Amino acid sequence: MEFYNGKQQQSCTFRELKLVALIALCLILISPADSFDPLDPIGNVTIRWDIMSWTSDGYLATVTLFNFQLYRNIMNPGWSLGWTWAKKEIIWAMMGAQAKEQGNCAKFKLKIPHSCKRNPEVVDLLPGAPYNMQYTNCCKGGVLTSWGQDPTGAISAFQLGVGLSGTSNKTVKLPNNFKLMGPGPGYSCGPAKKVPATVMFTDDRRRKTQALMSWNVTCTYSQFLAYKNPSCCVSLSAFYNEKVTPCPTCSCGCQNNNTCVTKDSKILKEDGNNTRKNMDITPKPLLQCTHHLCHVRVHWHVKDNYQDYWRVKIAIINFDYRMNYTQWTLVAQHPNLNNITQVYSFEYIPLLPYESINDTGMFYGLKYYNDLLMEAGPKGNIQSEVLMKKDKNTFTLKQGWAFPRRVYFNGDECMLPPPDSYPFLPNSAHIKHTSITLMAAYVIFTSLFHLVVTNL
């Protein structure tokens, strides 16, 4: 009886453990852990909201966006930021940005607010905006570089006057439901949190001023939220093998199979096809028909093997006829990136998410030279070469060691071919075996010939 009770207890314990494991798995799948990027573990976009002064019915605030992501930029048509007011606030005026909709302001007679929407959506002003509408770090069309590429270009700011909101720290309520589009989906934002008031220097840096109230909102990016499939893929080749390993078939999904076009399609010759009529709308992709159906292909070619160095050629090819990539970034993970000797025609900086490991780096274009990847066509590609010094303890051309472990283009991870399809070193075992056999046959033949001649 005691044995039966013990067995029953063990069975119950096992069932409980299975239930706990199932619940934990569900929590992992639905938690924001999707946003964790192992190559940029603390990367995020931080929105800082600083109240600078009080007005008769509200406040004047400065809102600043910081793109703290090491290699993910925000491309044209740029960011848009939305939120929901906690009460019945309105926006009296804005500088450096504008609300996309004014909303219903019929109850206001004398002065009409800039926006009466309960859930406004704000966008950056375009370059060349009137001087009296500009604000510090504004007017880039919403384009933000990555923090690793150019910290000064990774900041955007605007000013807004808020009414019907309360006029003290106790009566002001924090907005909620922040939404960041950069420019498409993929970002999820946490709630606004009060932080110590921001301290700022005057222009001459001789005096400190302080915001009256500050709060932060942190937004993180998830590729799974942005796309159902990858947007780029990787192909491989090497000097020691004639075979080129292509991108896997349908690397980026085959849903665009019916809408892709061939190189000689008449659609490409139509007027206005490659131009953007509305700068606020992300154009629908028009992809070249390929077996992978990706927007971008990255090619990694092991070009040369010297005594102390080895050389890799990297090419980036655009297959989208309606999209060009400004201030693009390419991230690669490889153990020999800790010993780069020279990079030709690209800029390069090492990325050190974990200080003890230096195997990841970011490539990006030279300003005004190749920092723009043009749309698909004769000019829709850029390339560079990388020279690396060998570590004699680890360097090998066997088993695909010379190829990257991960590749990201513009912050999105690219699909790599399966390892068993990588270009492999020619198998020289049979050659050595043949050579030894021939040598042995030659020795035997020579001996026999010498014996026959001697007997004669």
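Cys139 is buried, with a relative accessible area of 12%, where buried means under 20% relative accessible area, exposed over 50% and partly exposed in between (1.4 Å probe, protein chains only). Its partner Cys138 is buried as well, at 10% relative accessibility. A disulfide, defined as a pair of cysteine sulfur atoms within 2.5 Å, joins Cys138 to Cys139 with an S to S distance of 2.2 Å. The torsion about this S-S bond is about -60°, so the disulfide of Cys138 and Cys139 is left-handed. The structure is a predicted model, in which local features need pLDDT of at least 70 and side-chain atom pairs count only at pLDDT 80 or more, while totals for chains, interfaces and linings use all residues. Residues are numbered from 1 along each chain as its sequence is written, and side-chain values use heavy atoms, with hydrogens and water left out.

In total, the structure holds eight disulfides. One of them is formed by Cys189 and Cys219, with sulfur atoms 2.0 Å apart. This pair links distant parts of the chain, as Cys189 belongs to strand S9 (residues 187-189) and Cys219 to strand S13 (residues 213-221), 30 residues apart; helices (H or I, at least four residues) and strands (E, at least two) are DSSP runs, numbered from the N terminus. The torsion about the S-S bond of Cys189 and Cys219 is about 105°, so this disulfide is right-handed. Cys189 is partly exposed at 22% relative accessibility, whereas Cys219 is buried at 0%.

Another disulfide connects Cys232 and Cys414, again with the sulfur atoms 2.0 Å apart. Here too the pair links distant parts of the chain: Cys232 is in strand S14 (residues 232-238), and Cys414 is in the loop between strand S26 (412-413) and helix H3 (429-455), 182 residues apart. With a torsion of about -95° about the S-S bond, the disulfide of Cys232 and Cys414 is left-handed. Cys232 has a relative accessible area of 0% and is buried; Cys414 is buried at 5%.

Salt bridges come next. The structure holds nine of them, each being a side-chain nitrogen of Lys or Arg within 4 Å of a carboxyl oxygen of Asp or Glu. Lys303, Asp304, Arg311 and Glu385 are linked in a network of such bridges. Within the network, Lys303 pairs with Glu385, the closest N and O atoms being 2.5 Å apart. Because Lys303 lies in strand S16 and Glu385 in strand S24 (residues 381-389), the pair ties together parts that are 82 residues apart in sequence. Lys303 is partly exposed, at 29% relative accessible area, and Glu385 is buried, at 17%. Asp304 forms a salt bridge with Arg311, and the closest N and O atoms of that pair are 3.7 Å apart. Asp304 is partly exposed at 24%, while Arg311 is buried at 15%.

The side chains of Arg406 and Glu413 also meet in a salt bridge, at 3.9 Å from N to O. Both residues are partly exposed: Arg406 has 27% relative accessibility and Glu413 has 29%.

A final stop is His292, found in the loop between strand S15 (241-245) and strand S16 (296-305). His292 is buried, with a relative accessible area of 2%. Leaving aside neighbours within four places in sequence, His292 is in contact with Cys233, Cys247, Pro248, Cys250, Ser251, Cys252, Gly253, Arg297 and Phe319, contact meaning heavy atoms within 4.5 Å.
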